[in-house]
Amino acid sequence: MEHDNPRESPSKEGSSLPGEWPSSDLEQALSQILHRLSGQESRRGKAKNAALQDLSALIDATEGDKLFEGTGTSLRGMPEMLGQVAKALEKYAAPPKEQGDRSDGHSEVAEKAAAVGLLFLKLLRKVEAAKNSLVCPAWKTSLRHLSGPIYIFAVTHSLEQAWTSPRSQDVAGEVLALLLHVTECGSVAGFLRGDNEDEKGRFSVILGLLKPDLNKESWKNNPATKHVFSWTLQQVTRPWLNQHLERILPPSLLMSDDYRTENKVLGVRCLHHIVLNVPAADLLQYNRAQVLYHALFNHLYTPEHHLIQAVLLCLLDLFPVLEKALHWKGDAARPTTHCDEVLQLILTHMEPEHRLLLRRTYARNLPAFVKRLGILTVRHLKRLERVIIGYLEVYDGPEEEARLKILETLKLLMQYTWPRVSCRLVVLLKALLKLICDVARDRSLTPEPVKSALLEEATDCLILLDHCSQGQVKGLLARILHSCEDSKLVNCIRKVQQVSEGAPCDGT
């Protein structure tokens, strides 16, 4: 029964003389509440709301100057104690450790979050009142201690997650909005980096608070930590991000190396943000760029289309950084690049791939690799030819994303490697004509705009093929016109003949 006594003390005194708390009693009451929030009592069913009720009564019964200044004789002081209470509240409302796919206790977490959010709103309103009164300068120090834990709480519960409810999300959103208002920040990005030049920003503080939960042993204890870190990281861009590189790179790599696909994708997106917003010189220092490359490259062996998409986008932005370290002498053959290595692996996977989602993912990113390599794509021409012909033969569903992207790839390929195209004239011409015939005779659910896009892209490829072969396509197609009865195919052939006439035949 001893654990009931600390609870009774603040409630009785708080209800007697509002605003007249002796400072020493106020500190003692806060210390007791902090102890109860941080101890095992906060996990018990009957006592789970007791400390919150006492803290709410304490905040209501105490004026701003007393709440933030205290006596000044405490070693820690009231601002730091309030910061400790805020940390304890944030931990109290945090979701439990992940247990596979179980969602036990999520409704209880949402209830706790709503209650804690209301307390944070009261605290922030006290800060706002003290700020407007101009007689309590200690509010600035208190806000510095409060802002970090309150921000983590708000981000944890304002995003739609398994442990949130509409009510907890609304309360957390209000907390975040009021926090930005009290700190005079126009956005979360401004809050983290500092809106003014003389303002340091709070990103470093947030990283410090998250650090104990972002190491190899602890990062899964709180399932919200990875989302808070990822979302917060996305808000900070260049030139503010590079100074924190040593603190943000290890957690990002740690998440990307997990066995769960969702964590891998989250980590890869963090790495992508780092690549985009940290200068190349900092990434090349200490071989960081190579570490990133090898971590990403290994994910290409995983048959998960969401992960492959995230990895390929990140690699395409990492290639320019890696190639800054390459030095090419004009009298020697150009060395193979990381882009060559990745494209070779992608083409190896594309040839036998039969899963539509993976086929679309690979095809979606193929044009970017051809653009990146330019004329050096000629190194992969044979394999690209096999992939292009194979993918053009397979129906890809109503949206036809894979075939549209393959046609875009073929157009780019002919533009960059036109001297090598004429010897492949017959194979490419057959594949394009077969595609046009298949689309023209298609009676499936494919929308007409998609069919029109396919026919237009295929016609453009025929025009480019004619240019690369010095007009041979136009002559071959002329023979078909006499025997062809399909109007769509005839229209495509006539368009090729009309556009080709008078056009230069140098392939450019």
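Two residues are said to be in contact, or to touch, when heavy atoms of theirs lie within 4.5 Å. With that in hand, L366 offers a way into the interior: leaving out residues up to four places away in sequence, L366 touches L343, L347, M350, L384, I406 and T409. This is a predicted model, in which local features need a pLDDT of at least 70 and side-chain atom pairs count only at pLDDT 80 or more, while totals for chains, interfaces and linings use all residues. Residues are numbered from 1 along each chain as its sequence is written, and side-chain values use heavy atoms, with hydrogens and water left out.

The pLDDT is the predictor's confidence in each residue, on a scale from 0 to 100. Its mean over the protein is 85, and 85% of the residues reach 70 or more. Among the elements, helix α13 (residues 261-277) has the highest mean pLDDT, 97, and helix α1 (residues 5-14) the lowest, 42. Two stretches call for care in reading: pLDDT stays under 50 over residues 1-22, for which the model has 30 contacts beyond four places in sequence, and also over residues 504-508, where the corresponding number of contacts is 10.

As for the overall build, the protein has 24 helices and zero strands, where helices (H or I, at least four residues) and strands (E, at least two) are DSSP runs numbered from the N terminus. Of the 508 residues, 51% count as buried, a term that stands for a relative accessible area under 20%, with exposed meaning over 50% and partly exposed the range in between (1.4 Å probe, protein chains only). The protein exposes about 24400 Å², of which carbon and sulfur atoms supply 51%; accessible areas come from the Shrake-Rupley method with a 1.4 Å probe, and for residues only the protein chains shown count as cover. Among contacts between residues at least 6 apart in sequence, 72% join residues at least 24 apart.

The interior can be described through its nonpolar core, which is a set of buried Ala, Val, Leu, Ile, Met, Phe, Trp, Tyr and Cys residues joined through side-chain atoms within 4.5 Å. The largest such core has 150 residues, and those with the most contacts inside it are Y151, L318 and V342. Helix α16 (residues 305-323) gives the most to this core, with 12 residues. V342 touches Y293, F297, L300, L312, L315, F319 and F369, not counting residues up to four places away in sequence.

Two of these partners of V342, Y293 and F297, lead on to the aromatic rings. Rings of Phe, Tyr and Trp (its six-membered ring) pair if their centres lie within 6.5 Å, and planes under 30 degrees apart count as stacked, over 60 as edge-to-face and the rest as tilted. By this rule the count comes to five aromatic pairs. The rings of Y293 and F297 have centres 5.7 Å apart and planes at 35°, so this pair is tilted. Both residues lie in helix α15 (residues 288-299), four residues apart, which is about one turn of the helix. Y293 is buried because its relative accessible area is 1%, and F297, at 11%, counts as buried as well. The rings of F297 and Y301 have centres 6.0 Å apart and planes at 80°, so that pair is edge-to-face. Y301 is exposed, with a relative accessible area of 51%. Ring pairs thus link Y293, F297 and Y301 into a cluster.

Returning to L366, this residue lies in helix α18 (residues 356-373) and is buried, with a relative accessible area of 0%. L366 and A402 are 36 residues apart in sequence, yet 10.0 Å apart in space, C-alpha to C-alpha. V427, in helix α21 (residues 425-440), is partly exposed, because its relative accessible area is 36%. Outside the residues up to four places away in sequence, V427 touches E385 and I389, and its C-alpha is 9.9 Å from that of R386, a residue 41 places away in sequence.

A loop residue completes the tour. N222 lies in the loop between α10 (203-210) and α11 (223-235) and is buried, with a relative accessible area of 10%. The side chain of N222 reaches the backbone nitrogen of A224 at 3.0 Å. Apart from neighbours within four places in sequence, N222 is in contact with A94 and P95.

Notes:
Polar contact = N/O pair within 3.5 Å; in protein donor to acceptor, adjacent residues only side chain to side chain.
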